[in-house]
Amino acid sequence: MTEAVLLVGGQGTRLRPLTINTPKPMLPVGGVPFTVHQITRARDAGVTRIVLATSYRAEVFRDFMDEADLGIEIVIATEDEPLGTGGAIRHALPYLESGPDESVLVFNGDVLTGVDIRGLVDHHQATSSDVTLYLTPVEDPRAYGLVPTDLSGRVLAFLEKPTTDEEIVTNNINAGCYVFKRSIIDAIPAGRPVSVERETFPGLLEAGALVTAVVDRGYWLDLGTPLAFVQGSCDLVLGAAPSPAVPRHGDFLALPGASIASSAQVHGGSVVGRDAVVSDGAVVNGSVLFDGARIAEGAHVIGSIVGVGAVIGAGTVLRGVVIGDGAVIGRGNELLSGARVWPGAELADGCVRFSSDS
Ligand code: GTP
């Protein structure tokens with residue numbers, strides 16, 4: 001197994017407004033674009049060639065990959081119209097070099113995981129499966145489609161999100177990483193949107209294909225929401241999430257050109273982006289400051305994301321919020337619990353106290 005397809009063409013709607021300018025897999029997490037963590041983990045597991053399946057804002061990937069040297073061959077396949085997860089895998093087929101019986105690894109581009117990639121491929125080959133899925137157990141599976149298996153690990157069904165307790169037949173969910181026998185990719189319909197989860201996998205079961213699963217209890221996080229995005233970034237910096245691409249572990253990570261005043265406190269795995277500024281008396285805890293963000297004196301930024309070049313006024317408190325690129329938040333504001341400020345927006349001094357319960 002030497003090839004992988006990385007699905008990075010989604011619009012990342014749950015992470016708006018951050019994904020208006022930058023596609024989700026290119027947002028900086030733990031100091032580098034998220035996709036770099038995935039590519040370097042795959043590289044270290046023996047993958048030598050990756051097809052990046054792009055669609056939304058494909059040019060951002062192209063510009064980055066033109067400059068980057070990640071020690072692995074990267075080929076970019078761009079859909080004119082988004083083809084969905086299955087359609088994107090099918091669209092990547094002409095870019096693959098694997099033979100029909102060879103194994104092709106497929107990753108969702110927003111999953112941070114410590115899964116044993118080599119072990120997954122070995123299982124796929126040892127069982128001669130058509131497709132092997134990586135499953136992860138979650139405490140509360142109500143928000144996810146469920147994937148029950150028999151004792152041998154053969155997948156029995158792909159179930160929609162459970163609505164009653166009786167429907168929770170397993171805690172194992174699709175973790176967004178698969179191994180395909182290449183000939184299975186050939187059979188996905190070309191040129192139209194296809195969902196691998198809703199169409200391809202259930203269709204394979206119906207046709208009697210051998211679909212198996214490996215349950216891995218290691219680190220797994222879907223970085224689709226702001227809360228998860230911040231958590232993933234902090235876990236990478238603190239060393240709780242595995243990646244060869246984190247510049248260094250510690251209580252925080254300051255990128256080149258970042259400036260942190262001596263009386264400021266930065267911790268909880270926060271990242272201070274390139275040329276970002278944290279002023280005297282400011283507190284940044286468990287947060288991500290993108291490049292050029294400026295946190296004025298005495299501001300508190302807790303569990304939040306501050307976009308590129310955004311400015312947070314003196315004494316302002318942010319807790320669990322997302323501030324878009326270039327937004328300017330005046331002094332003395334308080335934004336709490338899920339507030340999102342759009343790129344370039346301006347809030348005057350002391351005019352806003354937002355929280356979901358106010
Ligand atoms: P949300 O809009 O917030 O749900 O995020 P998303 O756009 O990333 O969608 P989702 O999380 O369901 O997608 C799972 C993975 O598939 C992500 O890595 C997406 O980038 C990728 N993906 C989704 N749709 C497409 C598509 O049409 N083409 C390609 N190439 N990738 C896709």
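Here is a walk through this structure, starting at the ligand and moving outward to a helix and two loops. Keep in mind that what you're looking at is a predicted model.

Let's begin with the ligand, which sits in the largest pocket. If you zoom in there, you'll find 19 residues around the ligand, and the closest are Leu 7, Thr 13, Glu 79, Gly 84 and Gly 109. What kinds of residues make up that shell? Sorted by class, there are six nonpolar, nine polar and four charged residues. One element stands out: helix H4, running over residues 84–92, gives the most to the shell, with three residues.

Now look at how the backbone meets the ligand. A polar backbone atom of Gly 84 is 2.7 Å from an oxygen atom of the ligand. Two other spots involve nitrogen on the ligand side: a backbone N or O atom of Gly 9 lies 3.0 Å from a ligand nitrogen, and a backbone N or O atom of Ala 53 lies 2.9 Å from a ligand nitrogen. How much of the ligand does the protein cover? On its own the ligand has 610 Å² of accessible area, and the protein covers 82% of that.

Next, find helix H2, residues 34–44. This helix is mostly covered, with eight of its eleven residues buried. The buried ones are Phe 34, Thr 35, Val 36, His 37, Gln 38, Ile 39, Thr 40 and Ala 42. Here's a handy bit of background: an α-helix has 3.6 residues a turn, so residues three or four places apart point the same way. Just after H2 you'll meet Gly 46, which takes a positive phi of about 105°.

Stay with His 37 for a moment, since the side chain of His 37 leads us to another part of the chain. The side chains of His 37 and Ser 243 are joined by a polar contact of 2.6 Å. Where is Ser 243? Look in the loop between helix H8 (226–238) and strand S12 (252–254). Is Ser 243 buried or exposed? Its relative accessible area is 15%, and because the cut-off for buried is under 20%, Ser 243 counts as buried. The side chain of Ser 243 also has a polar atom 3.0 Å from the backbone nitrogen of Ala 245.

Our last stop is Gly 292, in the loop between strand S18 (288–289) and strand S19 (294–295). Gly 292 has a relative accessible area of 22%, so this residue is partly exposed. Gly 292 and Gly 309 are 17 residues apart along the chain, yet their C-alpha atoms are separated by 4.4 Å.

Terms used
Residues are numbered from 1 along each chain as its sequence is written. This is a predicted model: local features need pLDDT of at least 70, side-chain atom pairs count only at pLDDT 80 or more; totals for chains, interfaces and linings use all residues. Side-chain values use heavy atoms; hydrogens and water are left out. A residue is near a molecule or strand if one of its heavy atoms lies within 4 Å of it. A polar contact is a pair of N or O atoms within 3.5 Å; within protein, one must be able to donate a hydrogen and the other to accept it, and residues adjacent in sequence count only if both atoms are side-chain atoms. Accessible areas come from the Shrake-Rupley method with a 1.4 Å probe; for residues, only the protein chains shown count as cover. On a 1 Å grid over the protein atoms alone, a cavity is a set of points where a 1.4 Å probe fits but cannot get out, and a pocket is an open set with protein on both sides within 12 Å along at least five of seven lines; lining residues have an atom within 4 Å of a point. A molecule sits in a cavity or pocket if more than half of its atoms lie within 2 Å of its grid points. Helices (H or I, at least four residues) and strands (E, at least two) are DSSP runs, numbered from the N terminus. Ala, Val, Leu, Ile, Met, Phe, Trp, Tyr, Cys and Pro count as nonpolar, Asp, Glu, Lys and Arg as charged, and the others, Gly among them, as polar. Buried means under 20% relative accessible area, exposed over 50%, partly exposed in between (1.4 Å probe, protein chains only).
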